Amino acid sequence: KYTKPGDKFLVTGDMRMHTPILRYAMVLGAVSVGADVDFSEEALSSGAHNIYSAENTKGYKVQVQLAGSHGVFQKNGAKIKADIGNNRLDPVYGEELAALYIGRQDILANARQRDAKDVKIHEVSGIEDAIVDMYDKILPPTTKDEILIVDTRTGVGGSLATKLLAKRGYEV
């Protein structure tokens, strides 16, 4: 519904064991309707897609992060951001997601008419570093030059936090 042949589509995920197979299925689904798909195997924290989609420097029409957070329903499963007609990436859940389910037969019929022979799939990297740079720009500066210990338990957000703090001069 949100892409036409040649549009850019990004699929990322977190560190959960089921993420690689879900990412693979999402990539295949996107290319089957003609989207050019970038995917990243970097383990991104659940909120990272919000920062990356806000700037959208690569011009993606859709970004999906596959994750299984322990928060509210909007933060679980496939976190979908799409250009739903206002030239920015907005979350797709609630009524918009329900409308996709209701209109799935029409969406599938239209997708079958697309030429998906020349689609491209690319593995990309550097998304985590780009997000760290974005955090560095938007968060207030720090002045400490001390040792900092970060314990994120098994959360993937630790890699973003440690990279940001190291960039700001902390020994992490």
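How much space lies in the largest pocket? Keep that question in mind while you look over the whole chain, and the tour will come back to it.

**The whole chain**

What you have open is a predicted model, in which local features need pLDDT of at least 70 and side-chain atom pairs count only at pLDDT 80 or more, while totals for chains, interfaces and linings use all residues. Residues are numbered from 1 along each chain as its sequence is written, and side-chain values use heavy atoms, with hydrogens and water left out.

Begin with a cartoon view, where you can look for 6 helices and 6 strands; here helices (H or I, at least four residues) and strands (E, at least two) are DSSP runs, numbered from the N terminus. Following the sequence from its start, you should meet them in the pattern β-α-β-α-β-β-β-α-α-β-α-α. If you turn the C-alpha trace along its principal axes, the protein spans about 60 × 30 × 30 Å. Of its 172 residues, 37% count as buried, where buried means under 20% relative accessible area, exposed means over 50%, and partly exposed lies in between, with a 1.4 Å probe and protein chains only.

**The largest pocket**

Now return to the opening question: about 610 Å³ of space lies in the largest pocket. Select Lys1, Tyr2, Phe9, Leu100 and Ile107, which are the closest to the pocket's centre of the 21 residues that line it. Then colour helix H1 (19-32), E3, helix H3 (95-102) and helix H4 (104-112), the elements that give two or more residues to this lining. H4 gives the most, with 5 residues. A pocket is found on a 1 Å grid over the protein atoms alone, as an open set of points with protein on both sides within 12 Å along at least five of seven lines, whereas a cavity is a set of points where a 1.4 Å probe fits but cannot get out; lining residues have an atom within 4 Å of a point. The grid points are joined across faces, edges and corners, and a volume is the space filled by probe spheres set on the points.

**The largest cavity**

A search of the whole structure finds 1 cavity of 30 Å³ or more, and about 50 Å³ of space lies in the largest cavity. To see its walls, select Leu10, Thr12, Leu44, His49, Tyr52, Gln63, Val64, Gln65 and Ile127. Strand E1 (8-13), helix H2 (48-55) and strand E3 (62-68) each supply at least two residues of this lining, and the largest share, 3 residues, comes from E3.

**Three single residues**

Stay with helix H2 and select Asn50, which is found there. Asn50 counts as partly exposed because its relative accessibility is 26%. Measure from its C-alpha to that of Thr12, and you should find the two 12 Å apart in space, although they are 38 residues apart in sequence.

Next, is Thr19 in helix H1 buried or exposed? Thr19 has 1% relative accessibility and therefore counts as buried. Leaving out residues up to four places away in sequence, Thr19 touches Gly13, Asp14 and Leu66, where contact means heavy atoms within 4.5 Å.

Finish at Pro141, in the loop between helix H5 (127-138) and helix H6 (157-167). Pro141 is exposed, with a relative accessible area of 74%. Select Arg168 as well: its C-alpha atom and that of Pro141 are separated by 8.2 Å, and the two residues are 27 residues apart along the chain.
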